[in-house]
Amino acid sequence: MTLPVPAFVLLLAQRGFSQYFRQHFLDTTFKGLYKANAFDMALLIPYFVVLILLAGYGLHRYTLVYLYYKKKKNKTVEPAEKFADLPSVTVQLPIFNEQYVVDRLLQAICRLDYPREKLDIQLLDDSTDETVDVARALVEHYVAHGHPVSYIHRTNREGYKAGALQEGLKTATGEFVAIFDADFVPPPDFLVRTIHHFTDPKIGMVQTRWTHINRNYSFLTEVEAILLDGHFVLEHSGRARHDVFFNFNGTAGIWRRQAIEEAGGWQHDTLTEDTDLSYRAQLKGWKFIYRQDIECPAELPVEMTAFKTQQARWAKGLIQTGKKILPRVLKSDQPFRVKLEACYHLTANLSYPLMVILSVLLLPAMVIRFYQGWFQMLYIDIPLFLASTFSISSFYLVSQRELFPKTWPRALLYLPFLMALGIGLTVTNTVAVLEALVGKKSAFARTPKYRVESKKDKLHAAKYRKRLGWVPWIELLIGSYFAMTVFYAVQNENYLTVPFLLLFVVGYWYTGMMSLLQGRFAGISLSASESHSKPFPVGV
């Protein structure tokens with residue numbers, strides 16, 4: 001069987017590459033005949049402004065990769081001292097309608113290798129369904145076996161997760177507070193490997209790296225895992241090594257209680273209460289530690305709608321936090337590098353509405369640029385596109401190389417789809433960002449967890465599944481619009497833009513179709529993964 005050859009490749013072969021090159025790049029017959037008018041400039045000016053802004057965020061990714069390697073000497077090491085007498089620790093477990101995973105969570109927490117008399121475990125339950133009975137029965141079971149677990153149930157859910165954590169602090173007895181979301185399974189040695197960093201009185205928080213229980217469950221979870229790996233390997237480590245602010249991720253970390261209280265406690269005026277508190281604490285002078293080598297497994301969303309809901313909450317929350325915190329950071333006496341990185345970090349999701357604007361302008365801009373000449377497109381448009389889009393490829397490839405030194409090239413198979421998925425999230429996340437900018441409040445949208453760890457596990461999706469209404473149809477419509485731009489590009493022999501445009505088509509169609517047909521393609525993946533070949537990732 002022979003593989004199909006794209007039509008434009010056959011066309012090039014028939015005409016000859018040298019003839020094609022001479023006709024499109026060297027022929028000056030019509031040079032100077034086209035003059036841009038006011039309408040053209042009204043389209044091209046915002047087009048280039050958007051491209052330059054996106055290129056700026058793209059270059060920032062390259063900077064994080066550079067800092068990751070340049071600042072190796074600042075890598076996090078084992079603490080210099082250890083507590084002679086282990087301090088008391090409160091473990092907070094905020095849950096909301098988590099009946100499928102709460103037993104796994106409590107089992108892992110009760111296996112922590114830490115003196116029971118020094119532990120205070122709080123199950124903070126805001127549930128409104130059968131989880132209440134399940135959780136209460138589990139707590140009674142573990143209490144009967146001597147574990148220091150208390151059950152705190154709220155009926156009003158005021159402040160959502162932040163409210164639950166703050167409520168738990170009222171009765172917490174620990175000097176330090178570890179937090180785990182319902183889908184996490186911390187290893188038994190989690191506390192003994194993190195607690196000794198607090199022998200340094202300046203340390204306010206220690207964050208560990210998320211790993212993924214169900215990474216190989218489906219194609220979607222593979223791509224999600226690569227996205228999160230980039231964040232936890234390059235963003236966190238790059239920022240930590242450069243001695244700028246980075247954030248607690250809401251789970252799989254441990255706080256000094258004093259740092260929480262001095263920073264003003266948990267506040268629920270943003271959807272990313274973890275980032276909000278992180279910045280407030282660091283502005284107070286507290287130092288954070290990131291331990292890339294300490295892994296804390298968690299469950300990835302297995303459905304597109306759940307993944308979109310999670311990403312939209314993070315996108316909206318970061319913009320809310322930026323509006324709240326950035327003025328304080330910029331007015332503070334922090335070094336310039338801290339202020340600059342905070343601006344990039346807290347405004348990064350503005351790239352989503354910029355992508356929407358680019359999507360609208362791309363076809364008319366392509367028509368105008370075609371008549372202006374190919375050479376201008378080569379030395380202006382192409383570098384900007386490369387800076388804004390292909391930085392993503394290098395960013396995530398580096399993270400996979402660090403974690404999987406033997407099999408990282410397999411990530412190349414996922415990169416086009418990773419880029420397409422990022423594009424496909426544009427509509428959902430743009431709505432979230434715009435809501436944050438105009439100050440529209442919304443509930444904390446919990447990410448459904450089904451305890452799906454492998455392909456043999458049943459997906460109990462109907463219980464917690466949510467729909468995204470009109471959004472998938474808009475995504476399919478935009479994908480069709482970009483399919484038209486691909487057709488236009490091929491018709492005008494503008495082949496250099498076709499691969500880039502196809503990312504938009506695949507991204508919007510994939511996210512739209514998967515949202516409408518979610519669960520139908522669960523369990524589809526490409527291949528098995530590699531376990532970490534050494535206890536400490538390469539380059540750390």
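Okay, so when I say salt bridge today, I mean a side-chain nitrogen of Lys or Arg within 4 Å of a carboxyl oxygen of Asp or Glu. By that rule, the structure holds 22 salt bridges. Keep in mind that this is a predicted model.

Let's start with Arg 239, which takes part in a couple of these. One partner is Glu 235, with N to O at 3.2 Å. Both residues sit in helix α8, residues 219–241, and they're four residues apart, about one turn of the helix. The other partner is Glu 341, where the closest N and O atoms are 2.7 Å apart. That pair ties together distant parts of the chain, since Glu 341 is in helix α12 and Arg 239 is in helix α8, 102 residues away.

So, are these residues buried or exposed? Buried counts as under 20% relative accessible area. Arg 239 comes in at 2%, so it's buried. Glu 235 is at 18%, so it makes the cut too. Glu 341 is buried as well.

There's another long-range pair: Glu 435 and Lys 316 meet in a salt bridge at 2.9 Å, N to O. Here Glu 435 is in helix α16, residues 426–438, and Lys 316 is in helix α11, with their positions 119 residues apart. Lys 316 is buried, with a relative accessible area of 2%. And then we have a network of salt bridges linking Glu 78, Arg 193, Arg 291 and Asp 293.

Staying with polar residues for a second: Gln 334 is in the loop between α11 and α12. Gln 334 is buried, at 18%. Its contacts, leaving aside neighbours within four places in sequence, are Phe 245, Gln 282, Leu 283 and Lys 339.

Now the sheet. It's an open one with seven strands, in the order β3-β2-β1-β4-β6-β5-β7, and the pairing is mixed. β3 (149–153) and β7 (287–298) are at the edges with a single partner strand each, so one side of each has no neighbour in the sheet. From one strand to the next, the twist averages 20°. Further in, β4 and β6 run antiparallel and are joined by four bridges, and Ile 179 stands opposite Gly 253 in β6. Helix α5, residues 131–144, lies across β1, β2 and β3, at about 160° to β3.

Last stop, the surface. Met 41, Ile 45, Val 49 and Leu 53 make a nonpolar patch there, together about 340 Å² of accessible area. Met 41 belongs to helix α3, residues 38–70, and is partly exposed at 36% relative accessible area.

Conventions:
Residues are numbered from 1 along each chain as its sequence is written. This is a predicted model: local features need pLDDT of at least 70, side-chain atom pairs count only at pLDDT 80 or more; totals for chains, interfaces and linings use all residues. Side-chain values use heavy atoms; hydrogens and water are left out. Two strands pair if DSSP finds at least two bridges between them. Helices (H or I, at least four residues) and strands (E, at least two) are DSSP runs, numbered from the N terminus. Axes are lines fitted to C-alpha atoms, for helices over the stretch in contact, and angles run from 0 to 180 degrees between N-to-C directions. Contact means heavy atoms within 4.5 Å. Patches are made of residues with over 30% relative accessible area and no salt bridge: like charges are joined within 9 Å, nonpolar side chains (Val, Leu, Ile, Met, Phe, Trp, Tyr) within 5 Å. Accessible areas come from the Shrake-Rupley method with a 1.4 Å probe; for residues, only the protein chains shown count as cover. Buried means under 20% relative accessible area, exposed over 50%, partly exposed in between (1.4 Å probe, protein chains only).
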